[in-house]
Amino acid sequence: MTEIPIQNIPIKEISLLILGTLSTFLVWRVQHQKDKIKNVESQLSDKKYEMYSELIYILFDLTNGEKIGKKVSQRDLLKRILAIKRDMFIYAPDEIFRKFTKWTLEINKIDNSVSHFKTYFELMKLVRKDMGQKKTKLNIDDFMLFYMQSEEEYEKFKIEYGW
């Protein structure tokens with residue numbers, strides 16, 4: 001067997017090969033992790049969208065159901081709110097979770113006041129921010145006009161309830 005003299009081993013080339021292979025693996029691993037995180041964020045965003053959409057649909061279904069001949073029963077309403085609560089606990093940021101809880105407590109009050117609209121608007125504003133509308137400038141008047149679709153009715157509402 002012949003000996004290979006140490007000065008004949010291409011140490012630079014071997015080192016470059018090892019470093020190149022290692023850096024290629026590390027770049028792949030980082031990209032793989034980024035893709036996994038992006039996938040999870042996308043799934044979370046989809047779940048939030050479904051939950052937030054249902055939250056909006058409930059209010060509009062309640063107020064417009066009679067107009068279109070599809071009145072929402074108390075049982076159906078309770079089921080839908082419980083489904084939102086379940087998802088809210090898992091997917092919503094703390095601030096939205098707390099505001100939703102405040103809103104549900106307000107709508108369950110016996111006096112059945114309309115003050116819950118303000119809390120609901122604050123909730124919707126937080127939802128908009130969570131879904132990417134970070135610079136939203138909407139105010140309660142914008143929301144109520146959107147909801148009521150009548151300036152005259154909204155003016156009467158404000159007078160009647162002291163807004």
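**Helix packing in a predicted model**

Let me begin with Gln 149, which sits in the loop that joins helix α5 to helix α6, and I should say at once that what we are looking at is a predicted model. The backbone of Gln 149 has a phi near 60 degrees, which is a positive value in a residue that is not glycine. With a relative accessibility of 61%, and the cut-off for exposed being over 50%, Gln 149 therefore counts as exposed.

On either side of that loop are the two helices themselves, α5 covering residues 140–148 and α6 covering residues 151–161, and their axes come within 9 Å while crossing at roughly 120 degrees. Because of that angle, α5 and α6 are classed as oblique to each other, and the crossing in which α5 passes α6 is right-handed. On the α5 side the contact involves Ile 140, Asp 141, Met 144, Leu 145 and Met 148, and these meet Glu 151, Glu 153, Tyr 154, Phe 157 and Lys 158 on the α6 side. Sorted by class, that contact holds six nonpolar and four charged residues, with no polar ones.

Let me move back along the chain to α3 and α4. Their axes also come within 9 Å, here with a crossing of roughly 160 degrees, and α3 is therefore roughly antiparallel to α4. The crossing of this pair is left-handed. From α3 the contact takes in Glu 95, Ile 96, Lys 99, Phe 100, Lys 102, Trp 103, Glu 106 and Ile 107, which meet His 116, Thr 119, Tyr 120, Glu 122, Leu 123, Leu 126, Val 127 and Asp 130 from α4. The division by class here is eight nonpolar, two polar and six charged residues.

The other partner of α3 that I want to show is α2, where the two axes come within 10 Å and cross at roughly 155 degrees. An angle over 145 degrees counts as roughly antiparallel, so α2 and α3 fall into that class, and α2 passes α3 in a left-handed crossing. The residues that make this contact are Ile 81, Ile 84, Lys 85, Met 88 and Phe 89 in α2, together with Ile 96, Phe 97, Phe 100, Thr 104 and Ile 107 in α3. Of these, eight are nonpolar, one is polar and one is charged.

Which residues have the most contacts inside the largest nonpolar core? That core has 27 residues, and the ones with the most contacts inside it are Leu 55, Met 88, Ile 96, Phe 100 and Phe 117. At least two of the core residues come from each of α1 (11–68), α2 (74–91), α3 (94–107), α4 (116–130), α5 and α6, and the largest share, seven residues, is supplied by α4. If we take Met 88 as an example and leave aside residues up to four places away in sequence, Met 88 touches Met 51, Leu 55, Ile 96, Phe 97 and Phe 100.

I will finish with α1, the helix in which Glu 13 is found. Is Glu 13 buried or exposed? Its relative accessibility is 51%, and Glu 13 therefore counts as exposed. Between Glu 13 and Ile 56 there is a separation of 43 residues in sequence, and from C-alpha to C-alpha these two residues are 64 Å apart in space.

Notes: Residues are numbered from 1 along each chain as its sequence is written. This is a predicted model: local features need pLDDT of at least 70, side-chain atom pairs count only at pLDDT 80 or more; totals for chains, interfaces and linings use all residues. Side-chain values use heavy atoms; hydrogens and water are left out. Axes are lines fitted to C-alpha atoms, for helices over the stretch in contact, and angles run from 0 to 180 degrees between N-to-C directions. Helices (H or I, at least four residues) and strands (E, at least two) are DSSP runs, numbered from the N terminus. Angles under 35 degrees count as roughly parallel, over 145 as roughly antiparallel, 65 to 115 as roughly perpendicular and the rest as oblique. A crossing is left-handed if the near helix is turned anticlockwise from the far one by less than a right angle, and right-handed if clockwise. Contact means heavy atoms within 4.5 Å. Ala, Val, Leu, Ile, Met, Phe, Trp, Tyr, Cys and Pro count as nonpolar, Asp, Glu, Lys and Arg as charged, and the others, Gly among them, as polar. A nonpolar core is a set of buried Ala, Val, Leu, Ile, Met, Phe, Trp, Tyr and Cys residues joined through side-chain atoms within 4.5 Å. Buried means under 20% relative accessible area, exposed over 50%, partly exposed in between (1.4 Å probe, protein chains only).
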